[in-house]
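The exercises below are meant to be worked with the sequence and the 3D structure open side by side. Each one sets a task and then goes through a solution step by step.

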Protein chains: 2
Amino acid sequence: MNAYVYGYGPAGKERLIVVDLGVTFPDMDSSPGVDLIMADLAWLEDNADRIEAIFITHAHEDHIGALAHVWNKLRKPVFARAFTGRIGQLKLEEAGIPAETIQIVEPRPHAIDAGPFTVQFVPVSHSIPESSALVIDTPAGRIVHTGDFKLDGNPIVGEPFDPILWHEIAQEGEGVKVLVSDSTNVFSPAPGRSEATLAEPLTKLIAEQTGMIVATTFASNVARLKTLAEAGVAAGRSVCLLGRAMKRMVGAAQETGVLKGMPGTIPPEEAMDVPRGNLMLIVTGSQGERRAASAQLSRGKYLGLEMKEGDSFLFSSKTIPGNERGVIRIMNAYSEMGVDVIDDHDGLYHVSGHANRPDLEAVHDLLRPKILIPMHGEHRHLREHAKIAQAKGIASEVATNGSMIDLTGTVPKVVEYIEAGRTYIDGSVKIGAMDGVVRGRIRMALNGLVLVTVILDEQDQPLGDPWVQTMGLPKQGRGGAILIDQIEDEMSDFLNRAPAKVLSNDEKMDEALRRIARQVSMEEIGKKPEVIVVTSRLVDE
Amino acid sequence: MNAYVYGYGPAGKERLIVVDLGVTFPDMDSSPGVDLIMADLAWLEDNADRIEAIFITHAHEDHIGALAHVWNKLRKPVFARAFTGRIGQLKLEEAGIPAETIQIVEPRPHAIDAGPFTVQFVPVSHSIPESSALVIDTPAGRIVHTGDFKLDGNPIVGEPFDPILWHEIAQEGEGVKVLVSDSTNVFSPAPGRSEATLAEPLTKLIAEQTGMIVATTFASNVARLKTLAEAGVAAGRSVCLLGRAMKRMVGAAQETGVLKGMPGTIPPEEAMDVPRGNLMLIVTGSQGERRAASAQLSRGKYLGLEMKEGDSFLFSSKTIPGNERGVIRIMNAYSEMGVDVIDDHDGLYHVSGHANRPDLEAVHDLLRPKILIPMHGEHRHLREHAKIAQAKGIASEVATNGSMIDLTGTVPKVVEYIEAGRTYIDGSVKIGAMDGVVRGRIRMALNGLVLVTVILDEQDQPLGDPWVQTMGLPKQGRGGAILIDQIEDEMSDFLNRAPAKVLSNDEKMDEALRRIARQVSMEEIGKKPEVIVVTSRLVDE
């Protein structure tokens, strides 16, 4: 969930530009029920009047996904290149925000003036078309913000990485003061491979299959979609794209002219009539997402199409850490159908979109920055990247979430920490990660719930017996006794004995009944559940 | 959660032996709040009078973990070798079952008679001492049940894999009719490497560190503990073992004589006084377990010991798929402390305990079975293993959980499916995976909870207003209105308008109030929560 802010001006009055507004995805462990996670942008919203503009480097969700959710609180012009802008505009329109909010800009040498900043978009190669670095010129020197990138001389779709262009950027004026660089693959020791290396093995693999072949990759990896489709056509197959994101990405890439020569595809209705050996599906869901086409096909029919024994399923992708369970579930479901599952074979059928360690070092050497700030990675990636830079004599500092760093000196200096947690989009509402809402859900999931209802009359005397219900707890304890009955009995005993000063006091009643529910549960089922006590008191009318 | 049953005799009256009784571990996605998962052994419990004996191949939790939880329902003699038996006895004693229940047996040529079966334990190498294959002779032929194994000529602790012994087993009598074989690493194309290959790189690595070094691996990998400790001592370090499981495993290995020559270790109290550069800790928690020593150290002090900048943390282990999040969390916590995290470096500092594809094929060739039944792996592993066997002309069949296979013919034949789901150990109670208990927890975690209390008087008229509480839901909706107030208002309106036939009918009331809670929630917060309605009726006394 990327969100970077650059500022220039007197302390506390800096004029600001924002680079990227992304999301990340929830998981059951830490954010059950949540729809999307973004950075807590309260500081940015409070200082919206100081923002000059918002720049989006590329259309991956972790860079653009929050834009439509927060733009109304920022209301500043957004700049992006054509493909990124088109994807962004579709998102804004869905949120009822005019598409024109995003201004489509040409790459360098075109420059956008934004207060004290002048910003150029510089094409870089990545796993999505038209990813861009930003060259940000300020009165204090030049910053190069790489965005997500790899060094690819032949990325199939979009511009190749151009070392001459980068050499120029390093030579102009005083050169590069600060490099803010992608760190994702800093632990990968070999140079990265080009997207173009995949065409041959993929074409060979697909030609060898006899049944239907289904391939999945990230929908935004338009170059891969093209390579896969071409491999399918070369093997005499009709190609059908499945999944909403797939169609949106290919559509936007074709409309904006970044994707040319994509083989024609057929709709699912037609695909049903094509013999299996002549059909290839390209589907969403490479990360095992439950609702995506790959998962739906693993559970049975999807849009009339169905996998069968003798078919093959190709993951032209790598599983992002944390998504293993979902992916493995799908692999085994296919195995049970008799479908051959083919993974990336250690990179034979997939390449990463990020620069590996030698590639990162090549960029250090090309740009010769005074300062390097690692970005885009876990703490261990950032730390490793900073160590590499420092070993070369480049000043470097790990910027954890919320750090404000002074880049005007010869060494970077953390000058302030901004409150920067996580905001959850939950249904139609935004909630703070620390609000306790999600903590309540996790506690119910781990401990189960006991619900106690007690009615007291006008004299604070119990009216009938307490009423207990449970959710997420076993009905019977170890000894076979009914848990609810045991709790109710214990509570009745307590209410019959309880002195008036307890019965008349909501807080004491709550505490006592809660303690009984937990104690009895512990004895009967060995768990201390969450407890909600509702004490209703009748009043004289 | 391994549990295998072999039977011989007239259909429905076969005498049975059980091989292994293991557990698996819960996760938040599918089994929140659960403590342990084991196979549903209802069929085995119903047929306990037909069981002759239980054999445990080795002391990994997925093979022995359920024994103490189910033995009381089976009550049959248990056989294991010394180290496995010792670990099992400790578990039984904790559950109040006499240690003597487990009979310690010598390996082949010693044989145990169990009804129509004669069983020999055959030493194999694995990532725990004294792992065993079983040679099971029946009137219908010889079965070799490999258990978990690898081909290791020098496993450091325990016996090496002995091809001559296996050749003998294949040559005796009619040879091997059925091979039931480990399939875990069937997708690993290169031959497996010996535990002994790790000593040199580990010794070099540890000698290079300057601060304190902390290493983690599975506590049961006693050979690795020894190699790590020896590397520490060689580097002039005092070695301290941290974590309960670590001490239990080393203790049992020393008591039973399988571990000899383990360097002396120091207790944590002494470790506190050793200079960091002269200290090595070996700790539990290689899979990121929240309560293990590795996680505790990543959060701060543990038993007076603390990691600091300049220290190193070594994962001499591989992350099991599904555990990535926990492991990554620890890695980043250490990175924030300035601790260098060292992973297995693609096998330089860790080897697997399972046979790779060429090793599995070597065993096929050594034993020349008529039938191969793949075991120990996901469906895709079993399927791949069966395909390899079939390609060599060995009859094979994938046995999914619960399949009963007739092995007496020339080809294996599934003759019955036994009900074989999962049983959860939840607190002190066993619950079925399909009982709905855990489903309730998951639904509360995903959807949050609304709780409605309504009191009706003797004439079925509402007494006061309905009372709503929530858990796991945001307080305010999109427009800023309080969710609880909105639901209560809507319910009050409904109750004021509701006809007598609704007010007097618990089911109709429940349905109507539930619908209101869900509709208002959907409008206000965009979620449909779980709803519990408690309608209390006052009665004439």
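**Exercise 1. Classify R75(B) by its accessibility, and describe its backbone and its place in the chain.**

Solution. R75(B) is exposed, because its relative accessible area is 52% and the classes are set as buried under 20%, exposed over 50% and partly exposed in between, with a 1.4 Å probe and protein chains only. The next step is the backbone, where phi of R75(B) is near 50°, a positive value in a residue other than glycine. Finally, R75(B) sits in the loop between α3 (67–74) and β6 (78–80) of chain B; helices (H or I, at least four residues) and strands (E, at least two) are DSSP runs, numbered from the N terminus.

Before going on, note that this is a predicted model, in which local features need pLDDT of at least 70 and side-chain atom pairs count only at pLDDT 80 or more, while totals for chains, interfaces and linings use all residues. Residues are numbered from 1 along each chain as its sequence is written, chains are lettered from A and ligands numbered from 1 in the order in which they are written, and side-chain values use heavy atoms, with hydrogens and water left out.

**Exercise 2. Treat D460(A) in the same way, starting from its phi angle.**

Solution. D460(A) is a residue other than glycine with a positive phi, near 60°. Its place is the loop between β24 and β25 (467–471) of chain A. With a relative accessible area of 23%, D460(A) is partly exposed.

**Exercise 3. Which residues are joined by a cis peptide bond in chain A, and which in chain B?**

Solution. In chain A, the cis peptide bond joins R108(A) and P109(A), with omega about 15°, and P109(A) belongs to the loop between β7 (102–104) and β8 (112–114) of that chain. In chain B, R108(B) and P109(B) are joined by a cis peptide bond with omega about 20°, and P109(B) lies in the loop between β7 (102–104) and β8 (112–114) of chain B.

**Exercise 4. Find how chain B is superposed on chain A.**

Solution. As a starting point, two copies of a chain are related by a rotation about an axis and a shift along it. Here a rotation of 180° with 0.1 Å of shift along its axis brings chain B onto chain A, with an RMSD of 0.1 Å, where the fit is by least squares on the C-alpha atoms of residues with pLDDT of at least 70 in both copies. This is the relation of a two-fold axis. In chain B, the C-alpha nearest the axis is that of A445(B), at 2.7 Å.

**Exercise 5. How many salt bridges are counted over all chains, and where do the partners of selected pairs lie?**

Solution. A salt bridge is a side-chain nitrogen of Lys or Arg within 4 Å of a carboxyl oxygen of Asp or Glu, and by this rule there are 64 over all chains.

- R383(B) pairs with D340(A), the closest N and O atoms being 3.1 Å apart. Because R383(B) is in helix α13 (residues 379–391) of chain B and D340(A) in strand β17 (residues 340–342) of chain A, this pair joins two chains. R383(B) is buried at 17% relative accessible area, whereas D340(A) is partly exposed at 26%.
- K527(A) and D426(B) meet in a salt bridge of 3.0 Å, N to O. This pair also crosses between chains, from the loop between α17 (506–525) and β26 (530–537) of chain A to strand β22 (residues 422–426) of chain B. K527(A) counts as buried at 7% relative accessibility, and D426(B) is buried at 0%.
- R86(B) and E255(B) form a salt bridge with closest N and O atoms 2.7 Å apart. R86(B) lies in helix α4 (residues 82–94) and E255(B) in helix α8 (residues 244–255) of chain B, so the pair ties together parts that are 169 residues apart in sequence. R86(B) is partly exposed at 22%, while E255(B) is exposed at 55%.

As a last step, salt bridges that share partners join R108(A), D137(A), R142(A), E168(A) and E172(A) into one network.
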